[in-house]
Amino acid sequence: MSNLVVHFEIHGTEPQQLIDFYSKLLGWTFTQYGEMEYWSIDTGDGSIRPSEGAAGHGINGGLLRREGSAPMPGASVKGCNLVIAVDGIDGLMATGVELGGSVALAAEDMPGLGRLGYLLDPDGNVFGMLQSTLSDGTPAM
């Protein structure tokens, strides 16, 4: 077995708020799992599809109601965070703020990597976005 990451989960105090945020920002779709407060997240084409049994280039996840309080502003990250491959990071960062998120680390060029920035979603979860080109359009990878 290759030990690949095959699933992620986002915890939210108000799940519907995060469903709206990620749907509008990244085009993800959410499906509630029965009567539970758990929603599967489909991140789009190229993701692993359990029914197909074949690995793709990305993963899907889940959203569940948070057990406890949301992260405090300015607190250190507890757990893991996601970095999502995107096109047009600067526009997505601005849209994320318009949708109720906030900038954790402004997008900047990272030679050899791309353009990387981090947002906080409306519930205080941090996540990164990475585009494979620098701000001048030069491919970084």
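**Strand pairing, helix packing and core of the predicted model**

Strands β3 and β4 pair in the antiparallel sense, over four bridges. The model described here is predicted. Within this pair, W39 has L63 of β4 as its bridge partner. Strand β4 also pairs with β1. Here the two strands run parallel, and six bridges join them. One position in that pairing is G12, which stands opposite R65 in β4. Strand β4 is largely enclosed by the rest of the structure, because five of its six residues are buried.

The loop between β3 (38-42) and β4 (60-65) holds S47. Is S47 buried or exposed? Its relative accessibility is 7%, so S47 counts as buried, the cut-off being under 20%. Two polar partners can be listed for its side chain. The backbone oxygen of G44 lies 2.8 Å from a polar atom of the S47 side chain. The side chain of N60 makes a polar contact with the side chain of S47, at 3.1 Å.

The protein chain as a whole contains two helices and eight strands. Along the sequence they follow the pattern β-α-β-β-β-β-α-β-β-β. Four of the strands form an open sheet with mixed pairing. Their order is β5-β8-β7-β6. Why do β5 and β6 each have one side without a neighbour in the sheet? Strands β5 (82-85) and β6 (102-110) stand at the edges and have a single partner strand each, so one side of each is left free of a neighbour in the sheet. From one strand to the next, the twist averages 20°.

At one end of this order, β5 and β8 (residues 126-131) run parallel and are joined by four bridges. In this pairing, L82 stands opposite F127 in β8. Helix α1 (residues 15-26) packs on the sheet. It touches β5, β7 (114-120) and β8. The direction of α1 makes about 5° with that of β8. Helix α2 (residues 89-98) lies across β6, β7 and β8. This helix runs at about 5° to β7.

Attention now turns to the interior. Nonpolar side chains tend to be buried together in soluble globular proteins. In this model, the largest nonpolar core has 24 residues. Which residues have the most contacts inside this core? They are Y22, W28 and M129. At least two core residues come from each of β1 (7-12), α1, β3, α2 and β8. Helix α1 gives the most, with six residues.

The surroundings of M129 can be followed in detail. Neighbours within four places in sequence are left aside here. Beyond them, M129 is in contact with L26, V83, I84, V86, I89, L92 and M93. R115, L116, G117 and L119 are also among its contacts.

Overall dimensions complete the description. The C-alpha trace of the protein chain spans about 50 × 40 × 25 Å along its principal axes. Its radius of gyration is 15 Å. A compact globule of 141 residues would have a value near 14 Å, so the two agree. Buried residues make up 35% of the 141 residues. Contacts in the protein chain can also be sorted by separation along the sequence. Among those with a separation of 6 or more, 50% join residues 24 or more positions apart.

How values were computed: Residues numbered from 1 in each chain as written. Predicted model: local features only at pLDDT ≥ 70, side-chain atom pairs only at ≥ 80, totals over all residues. Heavy atoms only, no water. Pairing = 2+ DSSP bridges. Axes fitted to C-alpha atoms, helices over the stretch in contact; angles between N-to-C directions. Contact = heavy atoms within 4.5 Å. Buried < 20%, exposed > 50% of the residue type's maximum accessible area, 1.4 Å probe, protein only. Polar contact = N/O pair within 3.5 Å; in protein donor to acceptor, adjacent residues only side chain to side chain. Core = buried A, V, L, I, M, F, W, Y, C linked by side-chain atoms within 4.5 Å. Rg over C-alpha atoms; globule rule 2.2 N^0.38 Å.
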